[in-house]
Amino acid sequence: MHDILAFFSFSDPTVRIVSLGTVFLAMSASVVGTFAFLRKRALVGDAIAHAILPGIAIAFMLSGTKNPLVLMLGALVSGWLATWAMEYITEKTKLSSDTAVALVLSVFFGIGIMLLTHIQHSGSGNQSGLDQYLFGKAAGMTSQDLWTYSAVAVLLLLVVLGLYKELKVYTFNPDFAAASGLPVKSIRRVLNLVTVLAIAIGIQSVGVVLMAALLITPAAAARAWTSSLKVMLFLAALVGGISGLSGSLISYLSPAMPTGPWIVMTLSIITLLSLFFAPKRGALSRLLKQRRHSQKIVNENLLKVFYKLSIEKEGEQLELSQSELQAERAINKADFSAAIKRLKRKNWLLAEGEKLKLSSIGVVEAKRVVRLHRLWEMYLSQRLNLKEDHIHPNAESMEHIISPELEALLVKELDFPTQDPHNSPIPYTN
Amino acid sequence: MENETALEVHNLTASYQRKPVLWEIDFKVPSGRLIGILGPNGSGKTTLLRNIMNLMEADSGYVKIFGKDLDEVRSRLSYVPQRESVDWNFPASVREVVEMGRYRPSNLLRRLKSSDKQKVNAALEKVGMLAYADRQISELSGGQQQRVFIARSLAQEADIYLMDEPFVGVDAATEEAILALLSSLRDEGKTVLIVHHDLQSAYQYFDWMILLNTRLVAAGPKEEVFNSARLKEAYGGKLNLLSKLGEIVAREQFPLREPDFKEKEGEGDA
C-alpha cells in the first residue's frame, strides 16, 4: 500500500519519466490504432511493428549511438518501406493481401534479428540494450526519450484531431472520399505515417512482438462501449493510458515484472471484460436479451392457454389449478413455476387460494397474443397461400415477435378480419 | 430543344485486374435526363461509373463533363457507391454519414459551417430520414441505408448524379420514394445516371438508356434503345471473340496501348 502511494506521488523522477512515457506512448498508439482497427488492418500494424526492427539496427550500426531521434528515423524508414512493400505486393502481384502481410512481416523481422545478433556479437560497448526493442523495456527510458516520445505523441494526436473529418470519411468509404475530390492519396500517406510513427515510439514500451496488442486491443475494447467514433477514440486513449500506467505500476511494485507484457495483460483484461459486460454490444447483454426473449415466450404461451381454457371455452374467467394448466402445455416443471411467478409479479395472474385467475390486464395481454397468432395465420393463408394445416407452427413463434406497428399494418392489410382460417374468433380488446 | 451535353465518354477502354471489361465505349448524354445504365452481370456497369469518377485508370479514352476534365468540375458530380461497398458497422450516426457529402477540398481540415449543416438537414428531410438523424447506421434497414447514401449525395448539390444500383435490396416504399426524388432532380434540370439491372422496371423508370455488355450495345432515348433486338444483343451472352481476346490480354499481361499513347481530343474519329 505504501509502495502504491509512493508510485502515485510521482516524487521519484524515474517513476515520473517511465509512467508518463508509457502513458503517452500507449495513448497515441491506441488513437492511431483505432483507424487501423476500423479499416480492418490489424495485422498490417503487426507487420509494420516487426518490420521496424531492421531499421533500428541499421540506424544504430551507421550512427553508433542510441539517440532516440536517430533510431526513430531508422524505424520510420523501414516501417515506411514495409508499408509500401505490402501495398505494392497486393496491387501488382496475384498474391492476396494476407500473404503480402505475412511475407513482409517475416522477411523484415528475419533481417532485423540477423542484424541484431550481428551487433550483439560485434562487441562495441554501446550495443547492450538494443534487444530491448524486441520485448520493450520502459524502465530504461531516459528523460531525453520521454521528451522525444511525448513530442511525437502530441504531434500524432494533433494530426488525428486536425484531420478527423477526412480520416473519418476515408476510413468509412474511401471511394466516396476520392469521388468528392478529397486528396485521398495524401490522407492515406499521412495515416500510414502516423501509424508507423506511433508504432516506432510504442515499441519502446512493449516491444515489436507485442506492439499489435497496443495498437488494436484498445480500439476493440472501446468499440464495445460506443458507436460514436469520437467517443471511441477517447475511450481507446483512456484504455491505453490506464494500461500503460498499470504496467509501470506493477513493474515498480515488483521490479522482476516486465512493464510491456503487463501493459498488454492489463489491456487484454480490460478488453475481455468490455467484450463481455458492455451494454448492447457485450456478450452478457446478448445472453440476457435471449433469456428475456425465451421467458417472454413461456409467459405469453401460458397466458394464451389460460385464455383458451377459461374465457374462450367457458365464456368466463375461470379459476384454474396449476396442474390443469400444465396438462395443456408441454413444459418442464422448473420453467413452469418460474413463469407462474413472473406472471404473478406482473399482476397478470391472481392467486385465489390454491388456484389461479387471469386479472383484467392479464386478459388484455392474453387477447393480444391470441390475436397476433390468429392474425398471422390469416396473413399466411391469404398472402402466402399456405394450407390451413401448415400455418399453426409458424404462427406459434411469430406471435411473440410481431410489434405493435406490425400488428397495425397486419390489421389494416387484412381489413380487420374477425375470424382466423380455422374459424376461431380474433379477439380485439375494444 | 437541344439539351447541353452533360457527359461524354470517348473511346473508353478499361480493365479490371488486367482483363478488359469495357471496350471502346463511346457515347454522349444530354443534361436533364434520367438515364439507366443496363446490362447483364459483369457487363462493366460499375467499371464505367468508376471510370467516369476517375476512381480507376482507363487504358485509353477519356471522359468529359460539361466539356471539361473531371478535376475542373468535380463539385458538379456526385457519386453513390453500392450500398454493400461499405461496412455499416462503422461507428457513425446517420447525420455524420450525410455530413460527409459536405466534405470537400475547400474545407479540408476545417469544421463544417452552419450553412453546411442546413443542407445536411434539408437532404435528410428529402429522403425522409430526419427523424432517424441520430440513429446509429448499424441499426438501419437496407432501404434506410440506401436513403442515407442518397441523402449524402443530395447534400453535395451536384448537377450530375451517378448511382450504383440504388434499388438493390430496398423495400418497395423506398424504391418508390427514391424514384420520385430522382425524377424531381431531373425536372430541376439535373442529370441522373443509374446503374440498374431490372429490365422489368427499366422502361418505366428512365427516359434514356445505355445498354452495355462489355461493349456499348446502344445509347439513346429509351424508345430507340429498348427493343427486343437490342436487348437480345445485350443480354444474349458475351461476344465470344472479344472475351477470348480479353482472356489473352489478362493472361499474358499485354499492355493495351503503347506506354506513351495519348488519345487526341476532339472529333478525330469522325
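In chain B, the mean positions of the 35 positive and 40 negative charges are 2 Å apart. Chain A carries 41 positive and 31 negative side chains. There, the centres of the two sets lie 8 Å apart. Both chains belong to a predicted model, and the values below are computed from it.

Chain B has nine helices and nine strands. Its C-alpha trace spans about 55 × 45 × 40 Å along the principal axes. The radius of gyration is 19 Å. A compact globule of 270 residues would have a value near 18 Å, so chain B agrees with that expectation. Buried residues make up 53% of the 270 residues. Sequence-distant pairs account for much of the contact set. Of the contacts in chain B with a separation of 6 or more, 71% involve residues 24 or more positions apart. The exposed surface of chain B comes to about 12900 Å². Carbon and sulfur atoms supply 47% of that area.

Chain A has another make-up, with 18 helices and two strands. Its radius of gyration is 32 Å, well over the 22 Å that the globule rule gives for 430 residues, so chain A is more spread out than a compact globule. The principal-axis spans of its C-alpha trace are about 100 × 60 × 35 Å. Buried residues account for 48% of the 430 residues in chain A. Among contacts between residues at least 6 apart in sequence, 70% join residues at least 24 apart. Chain A exposes about 20800 Å². Carbon and sulfur atoms contribute 64% of this surface.

Three residues of chain A were examined individually. The first is a serine within a helix. A:Ser30 is found in helix α2 of chain A, which covers residues 13–38. A:Ser30 counts as buried because its relative accessible area is 0%, under the 20% cut-off. A polar atom of its side chain lies 2.5 Å from the backbone oxygen of A:Ala26. Beyond residues up to four places away in sequence, A:Ser30 touches A:Leu214, A:Leu215 and A:Pro218. The same list of contacts includes A:Ala236, A:Ala237 and A:Gly240.

The other two residues are marked by their backbone torsions. Most residues other than glycine have a negative phi. A:Phe10 has a positive phi, near 50°, and is not a glycine. A:Phe10 lies in the loop between α1 (2–9) and α2 of chain A. At 26% relative accessibility, A:Phe10 counts as partly exposed. That class applies because the value falls between the 20% and 50% cut-offs.

A:Asn385 also has a positive phi, of about 50°, although it is not a glycine. A:Asn385 sits in the loop between α16 (360–383) and α17 (392–398) of chain A. Its relative accessible area is 63%, over the 50% cut-off, so A:Asn385 is exposed.

How values were computed:
Residues are numbered from 1 along each chain as its sequence is written. Chains are lettered from A and ligands numbered from 1 in the order in which they are written. This is a predicted model: local features need pLDDT of at least 70, side-chain atom pairs count only at pLDDT 80 or more; totals for chains, interfaces and linings use all residues. Side-chain values use heavy atoms; hydrogens and water are left out. Helices (H or I, at least four residues) and strands (E, at least two) are DSSP runs, numbered from the N terminus. The radius of gyration is taken over C-alpha atoms; the globule rule is 2.2 Å times the number of residues to the power 0.38. Buried means under 20% relative accessible area, exposed over 50%, partly exposed in between (1.4 Å probe, protein chains only). Contact means heavy atoms within 4.5 Å. Accessible areas come from the Shrake-Rupley method with a 1.4 Å probe; for residues, only the protein chains shown count as cover. Lys and Arg count as positive and Asp and Glu as negative; His and the chain ends are not counted. The place of a charge is taken as NZ of Lys, CZ of Arg, CG of Asp or CD of Glu. A polar contact is a pair of N or O atoms within 3.5 Å; within protein, one must be able to donate a hydrogen and the other to accept it, and residues adjacent in sequence count only if both atoms are side-chain atoms.
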